[in-house]
Amino acid sequence: MTSTTTASTHNLLTDNPELYEARFPDPDRLAGRWTEDCLRRHAAGPRVLDMGCGTGRDAAHLHSAGRTVTGADLSEAMLVHARTHHPGPEYVRADLRGFDLGQDAFDAVVCLDSALLYCHTNDQLGAFLSSCRRALAPGGLLVAEMRNGAYFLGRTDLLDTPKVNEFSWQGTAYRSTTILTVDRTAQLLRRTRVWAADDGSEPVEQRSAWRLLFPQELRHLLAAHGFEVLELHDGPGPRAEPLWHEGLLPGRIADADRLHVVARLTQSS
């Protein structure tokens with residue numbers, strides 16, 4: 001049996017941003033284009049905060065669309081990469097589970113790729129939404145894209161079975177074996193992933209989790225923090241099936257495995 005090293009404080013992808021972009025390529029900037037479409041359709045002002053900006057690809061696309069963008073992330077490695085490879089936005093270190101980057105400083109807060117779901121507890125979700133409320137100017141938008149907790153009601157096709165992915169980067173072949181399980185008590189989707197490479201390094205096991213949020217629960221949380229929901233649907237989107245493209249309007253149901261929300265701040269701090 002192959003032994004594994006458990007990484008408790010490090011993450012192979014977030015510690016290696018170039019590897020992250022190789023594993024999750026977005027050459028057409030689909031996520032950034034979808035976000036810009038949401039902002040434009042709802043007449044958002046130019047100042048945008050990208051919380052959980054990662055490598056900076058989406059923040060840089062919004063900057064290229066003419067917006068004044070701040071990208072925020074907790075990973076210093078990601079921020080260093082973003083400043084070097086995706087210049088234009090200002091990049092700062094901040095925790096989405098509670099941040100203060102100025103009052104009324106932004107016209108929109110963007111939170112993509114399930115970053116919001118790293119708020120595991122109700123207190124953390126409340127701190128995120130309170131921080132957004134403080135950061136946004138009156139009438140500002142929150143645009144978020146994430147996994148849909150409702151998908152896992154009665155469905156097990158994504159659960160409990162190992163999923164293997166292989167890709168190469170800089171001459172090294174990488175293999176990830178991922179298992180998703182539902183922790184119903186904590187309302188979390190837990191992920192165990194084992195990384196192996198053909199460079200002779202030991203396999204590494206990493207664990208993470210996302211909060212499972214349900215559409216009506218999300219509506220309630222947003223309303224409690226002064227937001228009016230403008231859109232709440234499962235697609236089309238940048239990681240949904242079918243994929244979003246220019247001209248597609250938001251759907252009206254929230255049944256598939258991705259959830260997209262646009263909400264407007266109606267009660268400022």
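The following exercises, with worked solutions, concern the fold and the cysteines of one protein chain.

The model is predicted, with local features requiring pLDDT of at least 70, side-chain atom pairs counting only at pLDDT 80 or more, and totals for chains, interfaces and linings using all residues. Residues are numbered from 1 along each chain as its sequence is written, and side-chain values use heavy atoms, without hydrogens and water.

**Exercise 1.** Determine how many helices and strands the protein chain contains, and how its radius of gyration relates to the globule rule.

*Solution.* Step 1: DSSP runs are taken as helices (H or I, at least four residues) and strands (E, at least two), numbered from the N terminus. The protein chain has six helices and 12 strands. Step 2: the radius of gyration, over C-alpha atoms, is set against 2.2 Å times the number of residues to the power 0.38. For 269 residues this rule gives 18 Å, and the radius of the chain is 18 Å, so the chain is as compact as a globular protein of that length. Step 3: the C-alpha trace spans about 55 × 45 × 35 Å along its principal axes.

**Exercise 2.** Explain why Cys-119 and Cys-132 form no disulfide with the closest cysteine sulfur.

*Solution.* Step 1: a disulfide requires two cysteine sulfur atoms within 2.5 Å. Step 2: for Cys-119 the closest cysteine sulfur, in Cys-111, lies 7.4 Å away, which is too far for a bond. Step 3: for Cys-132 the closest is also in Cys-111, at 7.2 Å, again too far. Step 4: the search of the whole structure finds zero disulfides. Step 5: buried denotes under 20% relative accessible area (1.4 Å probe, protein chains only). Cys-119 is buried at 0%, and Cys-132 is likewise buried at 0%.

Definitions and conventions. Buried means under 20% relative accessible area, exposed over 50%, partly exposed in between (1.4 Å probe, protein chains only).
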